[in-house]
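Trainee: I would like to go through this structure step by step, with the reasoning behind each answer.
Mentor: Go ahead and ask.

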Amino acid sequence: MMYDSWVILFSDKGVVYQMNKRCYIVGAGEFCDKVLPVEGDYIIAADGGYAALESRGIMPDLIVGDFDSLGYVPDHPNVIRSPVEKDDTDMMLSIQQGLERGYDDFIINGGMGGRIDQTYANIQLLTYLEEKNASGTIVNNEYHITAIKNSEIRLSHIDKQNRLISVFCAGNIAKGVSLKGLKYPIENATITFENPIGVSNEFIEDTAVISVTDGTLIIFWNGKV
């Protein structure tokens, strides 16, 4: 999926996502108040994510989960209850519900913090979305994470105090990797999963362009403002 129309801006007022119609999913992890749903978002609470939304006065459109994290089934007109013993995580089930409803842009809040295995599983879901010709970003108060496959993303960074960005190979190998607007640029390079050479780069221009012609990249950047 091409990301030409997806620009992520950082300013002293917070993080602004200029995107098409999107699905906003909240999990039970650390909630980021800097990235809240906007009018038109389809909001899904994944199990314990319902508590984070409820405490902020935000009503989800759909609630999905086995409710082992939340501890009770919410009184809501749209609840999909899954068994505790299942193959897919509640976050995966929520993403599948968003895809079934035609969404291809996803924000995942509450997808980091807590158990590291759950965080890793959520990062893997970013690559799942790419395989479905969709895109996703996990947000928290310190880092945001996204993925791209055989495509390009442009990230605009206005806050000069927080410039860190890291780019990793999500599969065995990624070819044709280019990083522009960063302290350590590369052009048409090949990177591999076992060698994390893309860690701890920095923005040096207002806009960075990250692209890959054959493979999938995971991108972490510092979102503190």
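Trainee: What is the strand order of the open sheet of 10 strands?
Mentor: The model is predicted. Pairing in this open sheet of 10 strands is mixed. Its order is β6-β5-β4-β3-β7-β8-β9-β16-β11-β14.

Trainee: Which strands stand at the edges of that sheet?
Mentor: An edge strand here has a single partner strand, so one of its sides is left without a neighbour in the sheet. That applies to residues 79–81 and to residues 201–202. The edge strands are therefore β6 and β14.

Trainee: Do β4 and β5 run parallel or antiparallel, and which residue of β5 stands opposite Ile-44?
Mentor: Strand β4 covers residues 42–46 and β5 covers residues 62–65. The two are joined by 3 bridges and run parallel. Opposite Ile-44 stands Leu-62.

Trainee: Which strands does α3 lie across, and at what angle does it run to β9?
Mentor: Helix α3 spans 116–131. It lies across β7, β8, β9 and β16. Relative to β9, the angle of α3 is about 35°.

Trainee: How many of the 11 residues of α2 are buried?
Mentor: Buried is taken as under 20% relative accessible area. In α2 the residues that meet this include Asp-90, Met-91, Leu-93 and Gln-97. The helix is mostly covered, and the number of buried residues is 8.

Trainee: Which elements do the buried residues of α2 pack against?
Mentor: Among the buried residues of α2 are Met-92, Ser-94, Ile-95 and Gly-98. The packing partners of the buried set include both strands and a helix. They are β3, β4, β5, β6, β7 and α3.

Trainee: Which residue with a positive phi follows α2?
Mentor: Helix α2 spans 90–100. The phi of the residue in question is near 95°. That residue is Gly-102.

Trainee: Where is Asn-133, and is it buried or exposed?
Mentor: Asn-133 is not a glycine, yet its phi is positive, about 60°. Its place is in the loop between α3 and β8. Since exposed means over 50%, the 56% relative accessibility of Asn-133 makes it exposed.

Trainee: Where is Asn-188, and is it buried or exposed?
Mentor: Asn-188 also has a positive phi without being a glycine, with a value near 55°. It is placed in strand β13. Because its relative accessibility is 57%, Asn-188 counts as exposed.

Trainee: What is the volume of the largest pocket, and which element gives the most to its lining?
Mentor: The volume of the largest pocket is about 410 Å³. Of its 24 lining residues, the closest to the centre are Ala-28, Ser-69, Asp-90, Gln-118 and Asn-122. Elements giving two or more residues are α2 and α3. The most, 3 residues, come from α3.

Trainee: How do the lining residues of the largest pocket divide by type?
Mentor: The division uses three classes, nonpolar, polar and charged. For the largest pocket the counts are 5 nonpolar, 12 polar and 7 charged.

Trainee: How many charged residues line the second largest pocket?
Mentor: This pocket has a volume of about 350 Å³. Its lining has 17 residues, with Tyr-120, Cys-169, Ala-170, Phe-193 and Ile-218 nearest the centre. The largest share, 4 residues, comes from α3. By type the lining has 12 nonpolar and 5 polar residues, and the number of charged ones is none.

Definitions and conventions:
Residues numbered from 1 in each chain as written. Predicted model: local features only at pLDDT ≥ 70, side-chain atom pairs only at ≥ 80, totals over all residues. Heavy atoms only, no water. 1 Å grid on protein atoms, 1.4 Å probe; cavity = no way out; pocket = protein on both sides within 12 Å on 5 of 7 lines; lining within 4 Å. Points joined across faces, edges and corners; volume = space filled by probe spheres on them. Nonpolar A, V, L, I, M, F, W, Y, C, P; charged D, E, K, R; others polar. Buried < 20%, exposed > 50% of the residue type's maximum accessible area, 1.4 Å probe, protein only. Pairing = 2+ DSSP bridges. Contact = heavy atoms within 4.5 Å. Axes fitted to C-alpha atoms, helices over the stretch in contact; angles between N-to-C directions.
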